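Got your viewer open? Good: load the model, find the select tool, and let's take a walk through it together.

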Amino acid sequence: MNKNDLRYIKTEELIINSFLHCINQTSFEETTVSMICEKARISRHSFYTHYVDKYALLDQLYEELENRFNGTIKEEILRHAKEKNFYPACKRAVTDFIDNKDLIIPLLKCSRHRVMDIYEKIYIDISTATDIYYSLNTILPHDRYCIIYL
């Protein structure tokens with residue numbers, strides 16, 4: 001099936017939303033492909049048309065989160081940071097976190113370290129661009145940053 005086909009796109013969205021819902025209700029380990037399919041109201045065949053397994057789906061979501069950061073968000077943050085506007089740069093990073101909490105919170109439940117690696121890069125980029133070399137804990141204790149939403 002063509003990945004640009006509206007049915008394919010809608011099924012993909014259903015799978016992702018159902019996956020995130022299942023993780024929020026249980027855990028990644030307890031979530032099964034059958035649970036995802038039941039919640040999405042699709043067949044297992046449809047799931048496997050899109051993904052090899054739930055691990056591939058999880059990997060794709062982490063990649064999308066990282067790609068989102070590496071796109072315009074990173075450019076905006078670095079623009080602020082290079083202008084020595086540290087507060088707007090950090091505020092943009094936090095705003096991105098809040099705006100995407102429905103994706104980030106379930107991913108944190110799966111692997112806190114993987115999500116934190118993505119956001120840690122933000123603070124490294126900010127501190128490098130502003131010539132401020134504080135430790136990450138001095139800027140914003142990233143564990144507390146994520147626990148706010150858990």
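Start by selecting residues 101-110, which make up helix H6 in this predicted model. This helix is mostly covered, with 7 of its 10 residues buried. Click through the buried ones: Leu103, Ile104, Ile105, Pro106, Leu107, Leu108 and Cys110. Pause on Cys110, whose relative accessibility is 17%. That value counts as buried because the cut-off is under 20%.

Now zoom out to the whole chain. How many helices and strands are there in the chain? You should find 9 helices and 0 strands. Follow the elements from the N terminus and the pattern reads α-α-α-α-α-α-α-α-α. Of the 150 residues, 42% count as buried. Turn on the surface, too: the accessible area is about 8,800 Å², and 51% of that belongs to carbon and sulfur atoms. For contacts between residues at least 6 apart in sequence, 64% join residues at least 24 apart.

Next, select residues 6-25, helix H1. Put a distance label between its end C-alpha atoms and you'll get 28 Å. That agrees with expectation, because 20 residues at 1.5 Å a residue should span 28 Å. If the sum looks odd, remember that the expected span uses one less than the number of residues. Look at the start of H1 as well, where a side-chain oxygen of Asp5 reaches to within 2.7 Å of the backbone nitrogen of Arg7.

Which residues of H1 are buried? They are Tyr8, Thr11, Glu12, Ile15, Ile16, Ser18, Phe19, Leu20, Cys22 and Ile23. Colour them and check the spacing. An α-helix has 3.6 residues a turn, so residues three or four places apart point the same way. To see what covers the buried residues of H1, show its neighbours: they include helix H2 (33-40), helix H3 (44-50), helix H4 (54-82) and H6.

While Cys22 is still coloured, add Cys37. How many disulfides does a search of the whole structure find? The count is 0. For Cys37, the closest cysteine sulfur is the one in Cys22, but the 9.4 Å between them is too far for a bond. Cys37 is also buried, at a relative accessible area of 3%.

Two loops come next. Between H1 and H2, pick Ser27. Ser27 is buried, with a relative accessible area of 19%. A polar atom of its side chain lies 3.2 Å from the backbone nitrogen of Glu30. Then hop to the loop between H2 and H3 and click Arg41. Is Arg41 buried or exposed? At 77% relative accessibility, Arg41 counts as exposed. Check its backbone angles too: Arg41 has a positive phi of about 60 degrees, although it is not a glycine.

Now move to Asn100, in the loop between helix H5 (86-99) and H6. Asn100 counts as buried at 15% relative accessibility. Show side chains here and look for two polar contacts: one of 2.8 Å with Arg68, and another of 2.8 Å with Asp96.

For the last stop, colour by pLDDT. The chain averages 81, and 83% of the residues score at least 70. Then select residues 133-150, where pLDDT stays under 50. The model has 37 contacts beyond four places in sequence for this stretch. Where pLDDT is low, though, the predicted coordinates should not be read in detail.

Definitions and conventions:
Residues are numbered from 1 along each chain as its sequence is written. This is a predicted model: local features need pLDDT of at least 70, side-chain atom pairs count only at pLDDT 80 or more; totals for chains, interfaces and linings use all residues. Side-chain values use heavy atoms; hydrogens and water are left out. Helices (H or I, at least four residues) and strands (E, at least two) are DSSP runs, numbered from the N terminus. Buried means under 20% relative accessible area, exposed over 50%, partly exposed in between (1.4 Å probe, protein chains only). Contact means heavy atoms within 4.5 Å. Accessible areas come from the Shrake-Rupley method with a 1.4 Å probe; for residues, only the protein chains shown count as cover. A disulfide is a pair of cysteine sulfur atoms within 2.5 Å. A polar contact is a pair of N or O atoms within 3.5 Å; within protein, one must be able to donate a hydrogen and the other to accept it, and residues adjacent in sequence count only if both atoms are side-chain atoms. pLDDT is the predictor's confidence in each residue, from 0 to 100.
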